[in-house]
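Biologist: Please take me through one part of this model closely, namely any aromatic pairing between side chains and its surroundings. I would like a connected account, beginning from the start of the chain and working inwards.

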Amino acid sequence: MMPAWRWAGACSIGTSHLKSNLECQDRASCMQIVGAEREYLSIVVSDGAGSAERAALGASIVCTGFQRLAVTHLRNGKSLDDIDEETVAGWLDEIRERISVQSKKAGLRPRDYAATLVAAIIGPDSAVIAHVGDGAAVLRNQATRVSICIQN
């Protein structure tokens, strides 16, 4: 059984967005996933590129797409051990395809939906981190008090 999780998140409009009268383009999602025999916590944050016309929507597609893929993977009896670089690359390709479809519908380019991705899927004994663009992820082992930081 997973420990009790506490999660807090906040999004804030930057000063350049305020000056340009742009909306906040940050998105985040956190969910507990019950797999075949284990429970996992999946966290995704995405920062839409301020220069991209539909960055907020791009960040939403990134968060929603990653969570859907993680849920499907874990509820189909697979574990964190089954998530390797190739699996994550496939997930990123699927998310890019969703953005491509959305951009074609709107008559725009995929880069108009540019957004970063920092994600973690955490299980009882291990974790998987996915990271595209700038940002950082930090994991800390409570027992050893060792922290690992992944950033770009």
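**From the hairpin to the aromatic pair**

Modeller: In this predicted model, Cys 30 stands opposite Ile 43 of strand 2. The two strands concerned, strand 1 (residues 26-34) and strand 2 (residues 39-47), run antiparallel and are paired over nine bridges, and the connection from strand 1 to strand 2 is a hairpin of four residues. Ahead of strand 1, in the loop that follows helix 1 (15-19), lies Leu 22, whose relative accessibility of 34% makes this residue partly exposed.

The part you asked about is elsewhere: Leu 22 and Trp 91 are separated by 69 residues in sequence and, between their C-alpha atoms, by 29 Å in space. When the whole structure is searched, one aromatic pair is found. It is formed by Phe 66 and Trp 91, whose ring centres are 5.4 Å apart and whose planes meet at 80 degrees; since an angle over 60 degrees counts as edge-to-face, the pair is of that kind. Because Phe 66 belongs to helix 2 (residues 55-75) and Trp 91 to helix 3 (residues 85-106), the contact ties together parts of the chain that lie 25 residues apart in sequence. The cut-off for a buried residue is under 20% relative accessible area, so Phe 66, at 3%, is buried, and Trp 91, at 7%, is buried as well.

Both partners also appear in the largest nonpolar core, a set of 24 residues in which Phe 66, Ile 83, Trp 91, Leu 117 and Ile 121 have the most contacts. Two or more residues of this core come from each of strand 2, helix 2, helix 3, strand 3 (117-122) and strand 4 (127-132), and the largest contribution, eight residues, is made by helix 2. Strand 2, the second arm of the hairpin described above, is thus linked to the aromatic pair through membership of this core.

Helix 3, which carries Trp 91, has a further role in the picture, as it supplies four residues, the largest share, to the lining of the second largest pocket. This pocket has a volume of about 250 Å³, and among its 14 lining residues Val 62, Arg 96, Ile 99, Ala 115 and Val 132 are the closest to its centre. By character, the lining consists of 10 nonpolar, two polar and two charged residues.

Methods. Residues are numbered from 1 along each chain as its sequence is written. This is a predicted model: local features need pLDDT of at least 70, side-chain atom pairs count only at pLDDT 80 or more; totals for chains, interfaces and linings use all residues. Side-chain values use heavy atoms; hydrogens and water are left out. Two strands pair if DSSP finds at least two bridges between them. Rings of Phe, Tyr and Trp (its six-membered ring) pair if their centres lie within 6.5 Å; planes under 30 degrees apart count as stacked, over 60 as edge-to-face and the rest as tilted. Buried means under 20% relative accessible area, exposed over 50%, partly exposed in between (1.4 Å probe, protein chains only). On a 1 Å grid over the protein atoms alone, a cavity is a set of points where a 1.4 Å probe fits but cannot get out, and a pocket is an open set with protein on both sides within 12 Å along at least five of seven lines; lining residues have an atom within 4 Å of a point. Grid points are joined across faces, edges and corners, and a volume is the space filled by probe spheres set on the points. Ala, Val, Leu, Ile, Met, Phe, Trp, Tyr, Cys and Pro count as nonpolar, Asp, Glu, Lys and Arg as charged, and the others, Gly among them, as polar. A nonpolar core is a set of buried Ala, Val, Leu, Ile, Met, Phe, Trp, Tyr and Cys residues joined through side-chain atoms within 4.5 Å.
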